[in-house]
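Me: Walk me through this one, please. I'll fire off questions, you reason briefly and finish on the answer.

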Amino acid sequence: MSSKSEPIPGISDLFPEETNQWQYLEGNARDMFSKYSIGEIRTPIFERTDVFLRSIGDETDIVQKEMYTFKDRGDRSLTLRPEGTAGVLRAIANKGLSQGDEHRVYYIGPMFRGERPAAGRKRQFHQIGVEYVGKVSPEIDSECIILLLDYLNSIDITDTKLLINTRGVSGDRQQVSAAMLDYYKPHIDHMCEDCQRRYHTNIWRILDCKNDDCKTITNNAPSMIDLISDTSKTYFDSVCDILNHTGVQYEIDPQLVRGLDYYVHTVFEVVSNDIGAQDSIAGGGRYEIQPPGQKHPLNGVGFAMGVERLLLARNANNATTLEGINVDIYIVSLGQPALLKNFDLASSLRKQGFRVLMDLEKRGMKAQMRTANKVNAKITLIRGQSELDKGIILLKNMDDSSQINVKIDELKAAVEAIINRL
Ligand code: HAM
């Protein structure tokens, strides 16, 4: 039976042993994005429901089954963001984007989907995402893909596959839909209930169905590339040319349409070979989104990576493990006068850049030393009344257990000598 202090299934608490891994991924992402001149955007965690409804699409699993939607006291329908793109586009539209302008932004934060929890599938999960908004070109799509791979490399995730496909443009929709309706007509009675509905409401979503029987039928469906217009084909060929030129390895997956309706042209996904069924670690593509109240759709391209899945992939790849919270110096105080003086000492050592932990419980020497060992301190400084009287401090190098008395004004140099040597 679950205890009442546990979070609900699919939602996790994160402790410092884990958050240090998260900070590593987030820090690397910020560094990488700054090299591409991409700045951070922070949008609200909840929005008016219609921000998501129209852009993500009525027939998608997200809108049909997964959104956390609630009424506030003003009887407004609000939704916890299930993904980042719709809110970012709403924000950019609200700020105003002039013709020919481009916004390049990244975001890092929690997203919410009421999915059945499983390894790598959470109800509150976290995305690191990027959006290039305002311009359309195969070169921009390609740079976006290159950035994603650059980042994954930088965090030692290499055992992956990049899948790409095209969805053509909205002008191609009619001819694509007509060909798909023809193809699925003789099969539809043998497909799942959802697909039978999708056949009438949004045939594209059939391609995304996870049911095994439906997937078998979809495997022989006509390829999107053969159904779209020549202009759309040329656009997709240009993306592939640039990827070939830059040595990016990819596989064209003719059934890849992605689970959101806003995509046009290029769509892509990076799957990991090592993390089980929820193998998509990142997904993205070009899109057209018309935020509520806007007369015209905005164009953009972007991707989002699931942080939980990046961590699974890093662990599976045996990526270099990260250190936990580190303590450079542990301060042992013996007696109240020494403790008071050690507050000043800790503060000045911290100002000098050292990571300092100090006993605040007035415990005996043995107990304080046990903690110094437990936190893996590099140095322990010990001060009681006799050291105070002599203006010295006992410095213990925890690496080799050697001890020396150091004058307070020579302490900084002594500490630095040990820490720099380690
Ligand atoms: P998405 O494919 O729905 O795309 O999500 C992107 C990534 O978020 C997935 O590849 C996966 O790593 C992670 N993810 C999704 N759902 C969960 C979950 N329940 N638990 C854990 N991780 C999950 C989007 O969200 C688009 N907004 C991406 C995009 C940005 N397209 C253009 N710009």
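**Questions from one end to the other**

Me: Leaving aside its neighbours within four places in sequence, which residues is Asp399 in contact with?
Reply: Contact means heavy atoms within 4.5 Å. Skip everything up to four places away in sequence, and the partners of Asp399 are Lys378 and Leu422.

Me: Before we go on, what pLDDT do local features need here?
Reply: Residues are numbered from 1 along each chain as its sequence is written, and side-chain values use heavy atoms, with hydrogens and water left out. This is a predicted model in which side-chain atom pairs count only at pLDDT 80 or more and totals for chains, interfaces and linings use all residues, while local features need a pLDDT of at least 70.

Me: Back to Asp399: buried or exposed?
Reply: Asp399 sits in the loop between strand E15 (392-397) and strand E16 (403-407). Strands here are DSSP runs of E, at least two residues, and helices are runs of H or I, at least four, both numbered from the N terminus. Buried means under 20% relative accessible area, exposed over 50%, and partly exposed in between, with a 1.4 Å probe and protein chains only. Asp399 has a relative accessible area of 60%, so it is exposed.

Me: How is the chain divided, and what distance separates the C-alpha centres of the domains?
Reply: The bounds come from an automatic or database domain assignment. Domain 1 covers 16-169 + 228-316, and domain 2 covers 329-421. Their C-alpha centres lie apart by 49 Å.

Me: What is the C-alpha separation of Asp399 and Gly302?
Reply: Asp399 falls within the bounds of domain 2 and Gly302 within those of domain 1. They are 97 residues apart along the chain, and their C-alpha atoms are separated by 48 Å.

Me: On to the ligand. Which residues come nearest?
Reply: A residue is near a molecule if one of its heavy atoms lies within 4 Å of it. There are 27 residues around the ligand, and the ones that come nearest are Glu83, Thr85, Glu115, Tyr263 and Ser280.

Me: How much of the ligand's accessible area does the protein cover?
Reply: Start with the N and O pairs: a polar contact needs two such atoms within 3.5 Å, and within protein one must be able to donate a hydrogen and the other to accept it, with residues adjacent in sequence counting only if both atoms are side-chain atoms. A ligand nitrogen is 2.7 Å from a side-chain N or O of Tyr263, a ligand oxygen is 2.8 Å from one of Ser280, and a backbone N or O of Gly302 lies 3.5 Å from a ligand nitrogen. On its own the ligand has 660 Å² of accessible area (Shrake-Rupley, 1.4 Å probe; for residues, only the protein chains shown count as cover). The share of that area covered by the protein is 96%.

Me: Which element gives the most to the shell around the ligand?
Reply: Strand E6 (124-133), strand E10 (280-289) and strand E11 (298-306) are the elements that give two or more residues. With seven residues, the top contributor is E10.

Me: How many charged residues does the shell have?
Reply: Asp, Glu, Lys and Arg count as charged, while Ala, Val, Leu, Ile, Met, Phe, Trp, Tyr, Cys and Pro count as nonpolar and the others, Gly among them, as polar. The shell has ten nonpolar and nine polar residues, and its charged ones number eight.

Me: How many residues of helix H11 are buried?
Reply: H11 spans residues 307-316 and is mostly covered. Its cover includes helix H1 (16-35), helix H5 (138-154) and strand E9 (263-272). Val307, Glu308, Arg309, Leu310, Leu311, Ala313 and Arg314 are the buried ones, and out of ten residues that makes seven.

Me: Why does Ile331 count as buried?
Reply: Ile331 lies in strand E12 (residues 329-333). Beyond four places in sequence, its contacts include Leu345, Leu349, Val356 and Leu381. Ile331 counts as buried because its relative accessibility is 0%.

Me: And Thr380, which strand is that in?
Reply: Thr380 is buried too, with a relative accessible area of 0%. Among the residues it touches more than four places away are Tyr330, Val332 and Met398. Its strand, residues 379-383, is E14.

Me: What about Arg258: what is its phi?
Reply: Arg258 lies in the loop between strand E8 (251-252) and E9. At 12% relative accessibility it counts as buried. Phi is positive in this non-glycine residue, near 70 degrees.
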